[in-house]
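Here are a few notes to read alongside the model. Take them one at a time and keep the picture open.

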Amino acid sequence: MECRYSEVVDPSSYETEGLSGGIDVRKSSFTELEDRGAIRAHQDWARHVGPCKGYRGGLGPEYSFVSVVMPECLPERMEVVAYANEFAFMYDDIVECMGCDMGQTENNEVMNGFLEAAQLQSRSTSHAVDEKAGKRRIQSLIFSEMLSIDPDCARTTMKAWARFIEVGSAREHEVRFKSMAEYIPYRIKDVGEMYWYGVVTFGMGLRIPDHELERCQALVAPAWIAVGLQNDLWSWPKEVVAAKAQGQDHIINSIWVLMQEHGISVSEAMQICRQLIKDYVATYIHTVDAHQDDASLSEDLRKYLLAIKYSISGHLVWSLHCPRYNPAVTFNKRQRAWMCGGVPSLGDRTELDTKRGDAGYIGDNVILSV
């Protein structure tokens, strides 16, 4: 796959702690569009849903999520992809902050939002949504925008996300996993395999035939395990705090599972987790190399395999440097200005679009609706 929309980042400018398997980190040349989409999502959430205090999502001062996890996102799709991804971050954080798991009723609401959005045929119908349900309204707006760009890919994304929600409704949040052998199959689903499939196929304009989906999932499984374990490693402190706040005596995290399985300390469990990440990354690199010239796979599936390879290194670097997992890290000057004052018009980036000035950030991580 020829990389047209990103550049390799100088390895001396970031840390991987030896967990990337030597995979290059690539960064989109259009990261400004990610800032636009993500901050628009913050403002629309504040406008249609409510304030989200203490929220830190996918943006970072140097490495923002979509720009490094999907560096080859098509420029004309970057803003809406970033908007959708930030909505997913906010949705996940709000549910967690409320101290509850997403129940079947909530899942049905999300599913209905997806199904409703699937009926939208163009931007002209984007107002035909339930004004009383802010989250559903945002979902419909997301898919209206996607449909206006690429109807076929948008519907593939909708189906993938609906599948992710369907699987998510059966997630075993109360299970005390006794071993990594039990935990890893759960983690692949929980890490958002089908969610990210929908994001990448739309963002890169990929059309993977339905008959290849099962094989695609099998080939990419080591990557999702690696990314899931990365997430467990870096989110561990955040999840410990959340578990204590909710009165839970267990944590759905590989660190906790390893501690229980082997009777070891946190630091020892983290060491095992790091080695597992290295092993799964190496397995996936071998998988990609072995299939790049495999004529039995469609060209778009081969592109997808390579894209997920860059997702591994990008997710790692983002995790190590993002405000979400690193409280001392703040946003860059441009992000802070847009969070406080609004996103500038694409036609005139020297002035802020006052139409978006009715909701924004105060400080680094508090959204207020005014």
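1. Start with a shaky bit: over residues 348-370 the pLDDT (the predictor's confidence in each residue, from 0 to 100) stays under 50, and the model has 57 contacts (heavy atoms within 4.5 Å) for this stretch beyond four places in sequence.

2. This is a predicted model, where local features need pLDDT of at least 70, side-chain atom pairs count only at pLDDT 80 or more, and totals for chains, interfaces and linings use all residues. Residues are numbered from 1 along each chain as its sequence is written, and side-chain values use heavy atoms, with hydrogens and water left out.

3. On the whole chain, the average pLDDT is 83, and 80% of the residues score at least 70. Residues 95-107 are another stretch to watch, with pLDDT below 50.

4. Now look at helix α11, residues 266-291 (helices are DSSP runs of H or I, at least four residues, numbered from the N terminus). Its 26 residues span 37 Å from first C-alpha to last, close to the 38 Å expected at 1.5 Å a residue (that is, 1.5 Å times one less than the number of residues).

5. Which residues of α11 are buried? Among them are A269, C273, R274, I277 and H291 (buried means under 20% relative accessible area, with a 1.4 Å probe and protein chains only). Their cover includes α9, α10 and α12 (299-321).

6. Finally, the axes of α9 (213-245) and α10 (254-262) come within 8 Å and cross at roughly 90° (axes are lines fitted to C-alpha atoms over the stretch in contact, and angles run from 0 to 180 degrees between N-to-C directions). The two are therefore roughly perpendicular (65 to 115 degrees). L229, D232, L233 and W236 of α9 meet S254, I255, W256 and M259 of α10.

Definitions and conventions: Angles under 35 degrees count as roughly parallel, over 145 as roughly antiparallel, 65 to 115 as roughly perpendicular and the rest as oblique. Buried means under 20% relative accessible area, exposed over 50%, partly exposed in between (1.4 Å probe, protein chains only).
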